[in-house]
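Subject: Structure for your review

Dear colleague,

Please find below the structure that I am handing over to you. My findings follow directly after it, arranged by region.

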Amino acid sequence: MRKTPAFLAILGLTAAGLVGCSTSPADGCARVTDTDPAATDLVTVTGEFGEAPDVEVYTPFQVDELAWTDLTQGEGTPIITTDQMVILDMVVLNGQTGEPAVATSYDVTLENVFSMSRWIDTLPGLEDSLHCAQEGDRVVVALPADAINPAAATQIGLEEGGSAVAVVDVRKVYLPKADGADQFTDSNGLPSVVRAPNGRPGVIVPDAPAPTELSIQTIKKGDGEVVTGEQPVRAHYTGLLWDTREVFDTSWDGDPVSFDLTAVVPGFAAALEGQTVGSQVLVVVPPDQGYGDAGQGPIPGGATLVFVIDILGLDPEPAS
């Protein structure tokens with residue numbers, strides 16, 4: 001059985017009737033937990049969540065529609081958008097033979113953090129079958145022939161028209177944006193922040209001299225883990241130049257970024273350390289806490305920087 005961090009198989013989005021349903025109390029996200037027991041009851045899974053499962057499939061396994069069942073239900077962050085970063089582990093079995101064809105490594109490492117959109121690019125069926133799934137969920141997914149990319153079906157050894165079974169463990173889910181409680185802040189000459197519905201910030205820099213000291217404001221206060229610097233921090237950010245109001249960098253056009261606090265400028269690190277996951281932080285970084293008189297890339301020497309940072313989660317520690 002081959003192990004890879006992501007599969008080449010592409011699943012379809014075949015609709016299925018809604019049978020079981022639960023609700024995530026955190027945000028009212030409705031989770032469909034069982035779409036077609038007649039299909040998924042043909043699959044028996046043993047083993048602990050987070051470990052490679054033993055899977056037995058009644059063969060030949062053949063389905064005409066996408067179906068899934070939750071075997072375990074977690075209580076962590078739910079998957080609510082395709083922009084979220086996740087760690088998924090799974091095994092895919094050939095429905096004709098019942099034998100495992102491909103699997104992930106079942107290691108929670110920094111190298112296994114991917115966006116849901118990347119998984120969905122290769123496995124579109126996950127957009128439906130994992131919608132509102134939470135950390136700790138183990139899900140059995142029945143894959144009909146028309147839900148699998150023909151090239152991927154060939155790679156995992158499926159015969160023409162054959163079906164497959166996937167068992168997916170949702171190991172970790174990152175927030176899509178800061179979700180903490182709004183905090184009262186006295187702007188005191190600092191920039192103000194507005195937000196798009198997806199969380200992307202807009203920053204209004206006042207027509208005033210830049211602060212000469214490092215200024216940090218917690219705009220939203222999350223209730224997640226504390227940033228200590230021992231683990232990388234996964235965050236979305238936008239950076240501007242105070243003098244020109246120009247955005248010189250942002251992660252919101254792509255995936256959130258993993259930061260090692262020892263590898264960023266001192267002012268940025270100070271803004272993150274001690275904060276909690278789910279928080280949004282505004283920081284004004286004077287030159288001596290940023291890039292100094294030399295500058296870097298689009299940042300001129302002597303520049304005062306403004307960052308808005310959404311803290312979305314803590315990454316697994318890098319492998320030694």
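Ala 164 is buried, because its relative accessible area is 0%. This residue belongs to strand S11. In space, Ala 164 and Asn 94 are 5.0 Å apart, C-alpha to C-alpha, although 70 residues separate them in sequence. Please bear in mind throughout that the model is predicted.

As to the chain as a whole, the protein has five helices and 20 strands. Its C-alpha trace extends about 70 × 35 × 30 Å along the principal axes. Of the 320 residues in the chain, 51% are buried.

Strand pairing

Strand S4 (residues 43-46) pairs with strand S5 in the antiparallel sense, and four bridges connect the two. Within this pairing, Thr 46 has Asp 54 of S5 as its bridge partner. Strand S5 (residues 54-57) shows two faces: Val 55 and Val 57 make up the covered one, whereas Asp 54 and Glu 56 make up the uncovered one. The bridge partner of Thr 46 in S5, Asp 54, is thus named again on the uncovered face.

Strand S15 takes part in two antiparallel pairings that I would draw to your attention. With strand S12 (residues 181-182), strand S15 (residues 215-221) shares two bridges. Asp 182 is there matched with Lys 220 in S15. With strand S19 (residues 280-285), S15 is joined by five bridges. In that pairing Gln 217 stands opposite Leu 282 of S19.

Aromatic contacts

How many aromatic pairs does the count come to? The count comes to six. One of them is formed by Tyr 237 and Phe 259, an edge-to-face pair with 5.5 Å from centre to centre and 70° between the planes. Because Tyr 237 lies in strand S16 (residues 233-241) and Phe 259 in strand S18 (residues 257-259), this pair ties together parts that are 22 residues apart in sequence. Tyr 237 has a relative accessibility of 10% and so counts as buried. Phe 259 is likewise buried, with a relative accessible area of 11%.

The rings of Phe 248 and Phe 307 form another pair, with their centres 5.8 Å apart; the planes stand at 85°, so the pair is edge-to-face. Phe 248 is part of strand S17 (residues 247-250) and Phe 307 of strand S20 (residues 305-314), so the contact ties together parts that are 59 residues apart in sequence. Phe 248 counts as buried because its relative accessibility is 18%, and the cut-off for buried is under 20%. For Phe 307, which is also buried, the relative accessible area is 5%.

These four residues, together with Phe 268, form one aromatic cluster: Tyr 237, Phe 248, Phe 259, Phe 268 and Phe 307.

Charges over a ring

Which residues lie over the face of Tyr 174? Lys 172 lies over that face at 5.0 Å from the ring centre. Arg 234 also lies over the face of Tyr 174, at 5.8 Å from the ring centre.

Pockets

The largest pocket has a volume of about 670 Å³. It is lined by 32 residues, and those closest to its centre are Thr 77, Tyr 174, Leu 175, Pro 176 and Asp 179. Tyr 174, whose face lies under Lys 172, is therefore among the residues closest to the centre of this pocket. Strands S11 (164-173) and S20 each supply at least two residues of the lining. By class, the lining of the largest pocket holds 12 nonpolar, 10 polar and 10 charged residues.

The second largest pocket has a volume of about 280 Å³. Its lining has 16 residues, and Tyr 237, Asp 249, Phe 259, Tyr 291 and Phe 307 lie nearest its centre. Tyr 237, Phe 259 and Phe 307 are also members of the aromatic cluster described above. S17 and S18 each supply at least two residues of the lining of this second pocket. The lining of the second largest pocket divides into 11 nonpolar, three polar and two charged residues.

Yours sincerely

Technical notes: Residues are numbered from 1 along each chain as its sequence is written. This is a predicted model: local features need pLDDT of at least 70, side-chain atom pairs count only at pLDDT 80 or more; totals for chains, interfaces and linings use all residues. Side-chain values use heavy atoms; hydrogens and water are left out. Rings of Phe, Tyr and Trp (its six-membered ring) pair if their centres lie within 6.5 Å; planes under 30 degrees apart count as stacked, over 60 as edge-to-face and the rest as tilted. Buried means under 20% relative accessible area, exposed over 50%, partly exposed in between (1.4 Å probe, protein chains only). A charge sits over a ring if NZ of Lys or CZ of Arg is within 6 Å of the ring centre and within 35 degrees of the ring normal. Two strands pair if DSSP finds at least two bridges between them. On a 1 Å grid over the protein atoms alone, a cavity is a set of points where a 1.4 Å probe fits but cannot get out, and a pocket is an open set with protein on both sides within 12 Å along at least five of seven lines; lining residues have an atom within 4 Å of a point. Grid points are joined across faces, edges and corners, and a volume is the space filled by probe spheres set on the points. Ala, Val, Leu, Ile, Met, Phe, Trp, Tyr, Cys and Pro count as nonpolar, Asp, Glu, Lys and Arg as charged, and the others, Gly among them, as polar.
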